[in-house]
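Colleague: Could you take me through one part of this model up close, and then set it against the rest of the chain? Keep it casual, but do point out anything that looks odd.

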Amino acid sequence: MWFWLSLVAILFWSGSDLFSKIGSKPDDKYSHWKMAIAVGTVMGIHAIIELSRGAEFRLSDILTYLPVSFLYIFAMILGYVGLRYVVLSVSTPICNSSGAVAALLCFLILKEAMSGLQFVAVALVCIGIFLLSVFEKKQDDAERMQAGIVPDRKYTHSFIAIFFPIFYCIIDGMGTFADALILDRYIKEEAANIAYEFTFLIMAVFAIMYVVFIKKQKIKLSAEKPKMLAGVFETAGQFAYIYALGDNAIVAAPLISSYCIFSLVWARIILKEKLSWKQYLVIAIAAIGIIILGMEG
């Protein structure tokens, strides 16, 4: 079951990437906070719906799951802020390696095991993610050179340039590992998901206070539809993700990390972005890994 849940998470999280990209405005310095507001609001609504359907949940579950919620939300905020450093050659591959970090922690600390064929499949997925990131960076560099754009040195060489992607990878990987640990011993998937959604809702409330009341920014719902859709897809992906992780964390974590590859596919189909033969090749490599994991699962 973990495999199909992983595919659902991949589908919705790649969709979240797509709508986040559509909804992000480079000239809006509060765009990342508005995205957090959208995601937190949708998650809060979903949590309330789950409670109305009789889901088992106690307020103490929020505290039990708080370490995981904090790591995930912190990583997401870093990811939103770090978008300004997207020109880095190491940014995307490091960020998308968090699933492999989690799998390694599960293997070393929780002593979870995978078969030899599953190990090969996970390796194919990770290789696909890394190569795709490298090829995308080269393509971005070529397009900037052709347009005569020279990025500031601090975005390509300084410590601050690699701070966000490295810390995103570490924190998100730690969150996934902590998720596997807590789901295995302390809390059920249903209660954990609701706890996470309510925590994100609380963060969204603080974000609204900051953006609207402190910074005096107006939020027009008609202009934020892509962000709301991103929130819906993020929430649906999270729902499937937490059950997949609870069932088989060591393999599900790196598999779900491949959603960035599917984000590229949606960009090609919907946004009409062009893909090179190298990008198609690494998508095929990752797809082979996913098929192997499905057959093994």
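Modeller: Let's start with Met209, which sits in helix α8, residues 189–214. Bear in mind that this is a predicted model. Met209 is partly exposed, because its relative accessible area is 42%, and the partly exposed class runs between 20% and 50%. That residue has company: Ile202, Val205, Phe206, Met209, Phe213 and Ile214 make up a nonpolar surface patch, and together they offer about 630 Å² of accessible area.

Carry on past α8 and you get to Lys216, in the loop that leads to α9 (225–256). Here's an odd one: Lys216 isn't a glycine, yet its phi is positive, at about 60°. Most non-glycine residues have a negative phi. Lys216 counts as exposed, since its relative accessibility is 64% and the cut-off is over 50%.

Now step back along the chain to helix α7, which spans residues 159–185 and holds Phe177. Phe177 is buried because its relative accessible area is 13%, and buried means under 20%. What does Phe177 touch, once residues up to four places away in sequence are set aside? The answer is Ala102, Leu105, Cys106, Ile109 and Leu110. For one of these, Cys106, the C-alpha atom is 6.3 Å from that of Phe177, although 71 residues separate the two along the chain.

Asp179 is in α7 as well, and this acidic residue deserves a second look. Asp179 is buried but makes no salt bridge, and the nearest side chain of opposite charge, that of Arg185, is 12 Å off. So what is Asp179 in contact with, leaving aside its neighbours within four places in sequence? There are three tyrosines, Tyr65, Tyr72 and Tyr241, plus Val68, Ile242 and Leu245.

As for the rest of the chain, you're looking at 11 helices and zero strands, so to speak α from the N terminus on. Among contacts between residues at least 6 apart in sequence, 91% join residues at least 24 apart; the Phe177 contact list, with Cys106 71 residues away, gives you one example of such a separation. Of the 297 residues, 48% are buried. The accessible surface comes to about 15,100 Å², and carbon and sulfur atoms account for 69% of that.

Definitions and conventions. Residues are numbered from 1 along each chain as its sequence is written. This is a predicted model: local features need pLDDT of at least 70, side-chain atom pairs count only at pLDDT 80 or more; totals for chains, interfaces and linings use all residues. Side-chain values use heavy atoms; hydrogens and water are left out. Helices (H or I, at least four residues) and strands (E, at least two) are DSSP runs, numbered from the N terminus. Buried means under 20% relative accessible area, exposed over 50%, partly exposed in between (1.4 Å probe, protein chains only). Contact means heavy atoms within 4.5 Å. Accessible areas come from the Shrake-Rupley method with a 1.4 Å probe; for residues, only the protein chains shown count as cover. Patches are made of residues with over 30% relative accessible area and no salt bridge: like charges are joined within 9 Å, nonpolar side chains (Val, Leu, Ile, Met, Phe, Trp, Tyr) within 5 Å. A salt bridge is a side-chain nitrogen of Lys or Arg within 4 Å of a carboxyl oxygen of Asp or Glu. Lys and Arg count as positive and Asp and Glu as negative; His and the chain ends are not counted.
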